[in-house]
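Work through the exercises below with the model open beside you. Try each task before reading its solution.

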Amino acid sequence: MRKILAALIATTALAGSTHAADIYPLDRATILAGSPFDFKIELKGIVKAEDVKVTVNGKDYQSVFGKTAEFVAEEKADDKVLGSALILRDLTLGDGAYTVDVVAGDEKKSVTWDVYATADKPVAKNIIFFLGDGLSVAHRTAARIMSKGMTEGKANGRLNMDDLDRMAFIGTSATDAVDTDSANTMSAYMTGHKTAVNALGVYADRTKDSLDDPKVETIAEALRRTTKKSIGIVSPAEIEDATPAAVVSHTRKRGDKAEIVEMLLGVKPEVVLGGGSAYFLGKETPGSKRKDDKDYIKLFQDAGYTLATDKVELATATTTNTGHILGLFHTGNMDATLDREFLKKGTVEKFPNQPGLVEMTKAALGEVSKNPEGFFLMVEGANIDKMSHPLDWDRAIVDTIEFDQAIGVAREFVKTHPDTLIVVTGDHTHGVSIIGTVDDEKPGTDMREKVGTYAAAGFPNYTDADGDGFPDKVDVSRRLFLAATNGPDHYETFRPKLDGPFVPAVQNEKKEYIANEAYKDVPGAVFVQGNIPREGDSGVHAVDDVVLQASGPGSEGFKGYMEESDVYRVLVDAFALGTKQTN
Ligand SMILES: [Zn+2]
């Protein structure tokens, strides 16, 4: 018995020694010179403070960092002891290569950071960053064909995004998974650090508290720290949803939406336009999603914001000259363009006067461009993703067209403001491809036989008689056929969903998602077997690279293959936010 115990102890100790400590920022982190970040060491074992040796480039860390870390003897999750830790908040470093070595008992870890300086002088005064959520190659191609048409294999027109000068392929994976979400991805763009799925502006540590994780600076904070530029955030999603939140916030959990509103008020972007008012209202107010009674609408107004709740008020707000606009046009996510402008479905009856992305972009641009110091404006095409999840390709593509029209507003702006860098990119892709057409004129009732591939596809017959850039209708007789690579069990109807967004799957009593029978009797509908776990209600993000396009000063920094975190470096370089150390 004693022998077995000894053997057990030996193997446990061995297992312990194979587990190295974790250091944040992670190995190969790239960090803007002078940008504050939190440094954390997580040890697997319980050690004494004096037994932890931390060196930076071979010297004692305190002499390099100029600060002493807080030692936490025992970090816990519920009743489980996780190990000892060292935490040093708000560290800043000058440019250079840093190797951090940690030795504590039998644990060892070494990471290297590249702390980079930027150009001394900015090349761009303004940056407009367009983020098409989930924007994949298929969305772009379909938007071009649906909007402009195609004759004899050549596009009859070009999207605004087609004519930006530079291009790069962007890798989107998270620090903890190859497949990612909109929190980690946008956070990488907006901080220069990749992180874990669901995290914003922090490295994901091991403790349960979602608000104590090691922070990195966001671009909005870097701009506040080093410039007097204006900041604008535009998104038809809830404004505290992952993509817009990434511009300002720090949390391990993108679901901390009430806290994100507080962080938004902390940074005070000059223009904030989107949905998600439910998180601004105290819990007493009907429709509130807050658990406290704080009235953030009042807090923003007290901070000098003009409030707009529909497109008429938005037009007025742009003329009030308070310098700050808070536009909240929906309690949740704003409707897709197809519903808002054309079909009047979704929640349009309840929110009839939602502005579109073009109007919001114009309003935001008009406001932030008043600042002689320049601006950073983020515009999200959120519904590209929100409609791709339920495999509602018509809505996703019409939203891509509107997103492209918002890019057109920016391209018009740069004609008179050439000192503006425009970036257009996605945060991750969706598993979708255009494989041909669906042609109602083909004989028979079997919809599958009406799918045209290769020569049988011909060309779709969308029209744009009124020249608004949108197809006059999406339910034309020969339409694009987009197919998903993944999804839950569902019925393929081969038709646009004119009654409201597609709901491919519904939950059964076992909490599994099964095909939504509401579409079963659509003439010609076929059952499509799902290929993702049954807890998934919709299509998932794809791991494929996204395509980034850019034009204007600084855009030459975008080329070849880049990680999302590398994009930040080009942005801060264009603005010269981190100059070289002068010692
Ligand atoms: Zn998504």
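**Exercise 1: The zinc site**

Task: Which protein atoms are the donors of the zinc ion, and is its site tetrahedral or irregular?

Solution. Step 1: List the donors. In this predicted model, the zinc ion has as protein donors Asp 385 (OD), Asp 385 (OD), His 389 (NE2) and His 541 (NE2). They lie 2.0 to 2.4 Å from the ion.

Step 2: Check the angles. Among the four donor atoms they run from 57 to 155 degrees. A tetrahedral site needs all angles between 85 and 135 degrees, so this range does not qualify. The site is irregular.

Step 3: Look at the sequence. The spacing of the donor residues is D-x3-H-x151-H. Asp 385 sits in helix 12 (residues 383-388), and His 541 in strand 28 (residues 541-542). The two are 156 residues apart, so the pair links distant parts of the chain.

Step 4: Check burial. The cut-off for buried is under 20% relative accessible area. Asp 385 has 6%, so Asp 385 is buried. His 541 has 11%, so His 541 is buried too.

**Exercise 2: Helix 4**

Task: How many residues of helix 4 are buried, and what caps its N-terminal end?

Solution. Step 1: Count. Helix 4 covers residues 182-191, and ten of its ten residues are buried. Among them are Ser 182, Met 186 and Tyr 189.

Step 2: Look at the start. Asp 181 is the N-terminal cap. One of its side-chain oxygens lies 3.3 Å from the backbone nitrogen of Ala 183.

Step 3: Look past the end. Gly 192 follows helix 4, with a positive phi near 85 degrees.

**Exercise 3: The five-stranded sheet**

Task: Which strands stand at the edges of the five-stranded sheet, and why is one side of each left without a neighbour?

Solution. Step 1: Write the order. This open sheet reads 2-9-8-4-5, with mixed pairing.

Step 2: Find the edges. Strand 2 (29-32) and strand 5 (59-60) each have a single partner strand, so one side of each has no neighbour in the sheet.

Step 3: Follow one pair. Strand 2 runs parallel to strand 9 (residues 107-116), joined by four bridges. Ile 31 has Val 115 as its bridge partner in strand 9.

Step 4: Add the helix. Helix 14 (residues 564-575) packs on the sheet and touches strand 2 and strand 9. Its direction makes about 35 degrees with that of strand 9.

**Exercise 4: The ten-stranded sheet**

Task: What is the strand order of the ten-stranded sheet?

Solution. Step 1: The order is 16-17-15-14-18-10-19-29-13-30, in an open sheet with mixed pairing.

Step 2: The twist averages 15 degrees from one strand to the next.

How values were computed: Residues numbered from 1 in each chain as written. Predicted model: local features only at pLDDT ≥ 70, side-chain atom pairs only at ≥ 80, totals over all residues. Heavy atoms only, no water. Donors = N, O, S within 2.8 Å, 3.2 Å for Na, K, Ca; no water. Tetrahedral: all angles 85-135°; square planar, octahedral: opposite > 155°, others 65-115°. Buried < 20%, exposed > 50% of the residue type's maximum accessible area, 1.4 Å probe, protein only. Polar contact = N/O pair within 3.5 Å; in protein donor to acceptor, adjacent residues only side chain to side chain. Pairing = 2+ DSSP bridges. Contact = heavy atoms within 4.5 Å. Axes fitted to C-alpha atoms, helices over the stretch in contact; angles between N-to-C directions.
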